[in-house]
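Work through the exercises below with the sequence and the 3D view side by side. Try each task before reading its solution.

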Amino acid sequence: MQWCLDQVGVVYRLDDGSRIAALSGVSCSIRQGERVAVIGNNGSGKSTLARLLAGIIQPTTGRITHEGEDNHDLGTAALVLQNPGDNIIGETVREEIELTVGGVDDAVTSPRRDALLSQYGLVELLDRPLAELSGGETQLVALVCGLLSGRRMVVLDEPTSHLDPPARRLLIDHLMTQSSDTHDQFESTPAVLFITQYRDEAQYFPRVIELDRGRLSFDGAPEELPVRDRDESPDDNPLPVDSESRPIVVVQGLNQSRSANGESAAVLKEITLTVQAGDAIGIVGPIGSGKTTLGYHLAGLMEPSAGTVEYRQGVSTADPPVVLIQFPERQLFAETVLDDVAFGARNRGLDRSAAAAQTRQVLDAVGLPAAEFEQRSPFSLSGGQKRRVALASVAVCGATLYILDEPTSALDADGHAALEEQLRRWRTEGVAYIVISHDVDWLRRVTERVWIIDKGRLLLDAHWPDDATGAALEQIGFVV
Ligand SMILES: Nc1ncnc2c1ncn2[C@@H]1O[C@H](COP(=O)(O)OP(=O)(O)OP(=O)(O)O)[C@@H](O)[C@H]1O
Ligand SMILES: [Mg+2]
């Protein structure tokens, strides 16, 4: 039983009539039960391949077949979309799971469903509204629904981009050892297509496919994958220009609660900390520990249940910190990339042509050449391209403090480099930034201090080389 792609090409048509070749001449086959990792730069065609296999789009040229028939059937493969929130249609986790397994014999599915829910820590979340879940929790729900779908293929589009290291390990181990536990309707296990930006994850898969600008550039065992020539470790923490301590945000006794079934549950507990001018701080913590909520409080976007967030020199409610949200696709709004990014520059008083000039410069810096991208609709871009637009649109805001929530997810190596370049620029300009990330090694390179959060509490506030960071990371299950 297999899927065959024969010289497949996909061309997208834009509103202005122009065309984009997202895939060209792709030929390969995938057998039932196979585990395949798909890698490739932003815009290389990975999500397009996912849509093809799920039967959502059809090839413009060539042919894709499943068991010899054209792959029109939407029921063959389950697709867990790149942006986990896009999968969600229910109100609560329980409802989402029921919608997923609806129609499949309950006696067969329920033991497997219960096992998966407890393995992925979702039992406590069952009655929570999906709209309230953290990014990582939402991703886990989308994943478990994909695994429970009982389809012949499960296509996971960057499924670990918001997971912490323990959840990431769990998923990969699970996919590698998976047998009949996630599958009931068919005799053999489903094929898994695992799209990722993390080459280290691809190493676990027996087969890796690489796409390069729409073409299949590699298909083989991970050991044979050519090494990328990019130097991945630029200089460590650059020194700030302004090393004298000057508090810009002071947080005291911050508590945040949410109501759950008529009772109050704590999201943040007694957080006290200070951000100094020019600080470069990383925030690390397990899925659902309160990182994004803390970021929102620092940006003045939430009212504390108790305690205070006070702005000092250079930061005010009129000139607040700027936040790059965890799913920055959601902050895109304009018809063109140019208008979207220029909005922030116009907002700080630049006239139209100065704002456009700055926008073009920033677009080039984030790896979206203005000449090619400025007239594109931001909504027609690939996942990583959208994130670059969002990064550009915060970078033009000229803030004193930036808060970036998992800014590396969905970015390829060039995107990482562009982001690091932006952080370096802020560092030399004395602009403070706070970065939330599960990628501890990367955070250590680009920040000077770290806040480790666990279950809403600040477990540690320390400079990176501090021995305590290793112990605290171990305590929260992050192996370094
Ligand atoms: N709906 C669309 N309309 C027009 N062009 C599109 C659309 N979706 C994707 N594209 C373009 O097709 C190409 C391939 O996009 P695709 O989303 O498949 O890439 P990707 O490899 O998944 O990238 P990423 O790593 O950024 O998620 C890109 O040039 C992108 O701009
Ligand atoms: Mg994609």
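**Exercise 1. Compare the span of helix H4 with the expected span, then decide whether the helix is enclosed or open.**

Solution. Start with the extent: helix H4 covers residues 135-147, which makes 13 residues. Next, take the span. From first C-alpha to last, H4 reaches 18 Å. The expected value, at 1.5 Å a residue, is 18 Å, and the helix comes close to it. Now turn to burial. In H4, 13 of the 13 residues are buried, so the rest of the structure largely encloses this helix. Keep in mind that this is a predicted model.

**Exercise 2. Find the protein donors of the magnesium ion (ligand 2) and place them in the chain.**

Solution. Step one: name the atoms. The donors from the protein are OG of Ser47 and OE1 of Gln82. They lie 2.0 to 2.3 Å from the ion. Step two: locate them. Ser47 belongs to helix H1 (residues 46-53). Gln82 is in the loop between strand E6 (77-80) and helix H2 (93-101). The two are 35 residues apart, so the pair links distant parts of the chain. Step three: check exposure. The cut-off for buried is under 20% relative accessible area. Ser47, at 16%, is buried. Gln82, at 18%, is buried as well.

**Exercise 3. Count the aromatic pairs and describe the one formed by Phe194 and Phe205.**

Solution. The count comes to 4 aromatic pairs. In one of them, Phe194 and Phe205 have ring centres 4.7 Å apart. Their planes make an angle of 35°. Stacked needs under 30 degrees and edge-to-face over 60, so this pair is tilted. Now place the partners. Phe194 sits in strand E8 (residues 191-195). Phe205 is in the loop between helix H6 (199-202) and strand E9 (207-212). They are 11 residues apart, and the pair links distant parts of the chain. Finally, look at burial. Phe194 is buried at 0% relative accessible area, and Phe205 is buried at 1%.

**Exercise 4. Describe the geometry of Trp426 and Tyr433, and name the cluster they belong to.**

Solution. Trp426 and Tyr433 form a tilted aromatic pair. The centres are 6.3 Å apart, with 45° between the planes. Both partners are buried: Trp426 has a relative accessible area of 2%, and Tyr433 has 1%. Now add Tyr402. Together, Tyr402, Trp426 and Tyr433 make up one aromatic cluster.

**Exercise 5. Which ring does the charged end of Arg168 sit over?**

Solution. Look for the ring beneath the charge. The ring belongs to Tyr198. The charged end of Arg168 is 4.2 Å from the ring centre.

**Exercise 6. Trace the surroundings of Glu34, starting from its loop.**

Solution. Glu34 is in the loop between strand E2 (19-31) and strand E3 (35-40). At 11% relative accessibility, Glu34 is buried. Follow its side chain next. That side chain reaches the backbone nitrogen of Arg31 at 2.9 Å. A 3.0 Å polar contact also joins the side chains of Glu34 and Arg207. Leaving out residues up to four places away in sequence, Glu34 touches Ser29, Pro190, Ala191, Val192 and Arg207.

**Exercise 7. Is Asn255 buried or exposed, and which residues does Asn255 touch?**

Solution. First locate Asn255: strand E11 (residues 247-260) holds this residue. Its relative accessible area is 17%, so Asn255 counts as buried. Then list the contacts, again leaving out residues up to four places away in sequence. Asn255 touches Leu268, Lys269, Glu270, Pro304, Ser305 and Ala306.

Note on methods. Residues are numbered from 1 along each chain as its sequence is written. Chains are lettered from A and ligands numbered from 1 in the order in which they are written. This is a predicted model: local features need pLDDT of at least 70, side-chain atom pairs count only at pLDDT 80 or more; totals for chains, interfaces and linings use all residues. Side-chain values use heavy atoms; hydrogens and water are left out. Rings of Phe, Tyr and Trp (its six-membered ring) pair if their centres lie within 6.5 Å; planes under 30 degrees apart count as stacked, over 60 as edge-to-face and the rest as tilted. Helices (H or I, at least four residues) and strands (E, at least two) are DSSP runs, numbered from the N terminus. Buried means under 20% relative accessible area, exposed over 50%, partly exposed in between (1.4 Å probe, protein chains only). A charge sits over a ring if NZ of Lys or CZ of Arg is within 6 Å of the ring centre and within 35 degrees of the ring normal. A polar contact is a pair of N or O atoms within 3.5 Å; within protein, one must be able to donate a hydrogen and the other to accept it, and residues adjacent in sequence count only if both atoms are side-chain atoms. Contact means heavy atoms within 4.5 Å. Donors are N, O and S atoms within 2.8 Å of the metal (3.2 Å for Na, K and Ca); water is not among the atoms, so sites may look incomplete. The expected span of a helix is 1.5 Å times one less than its number of residues.
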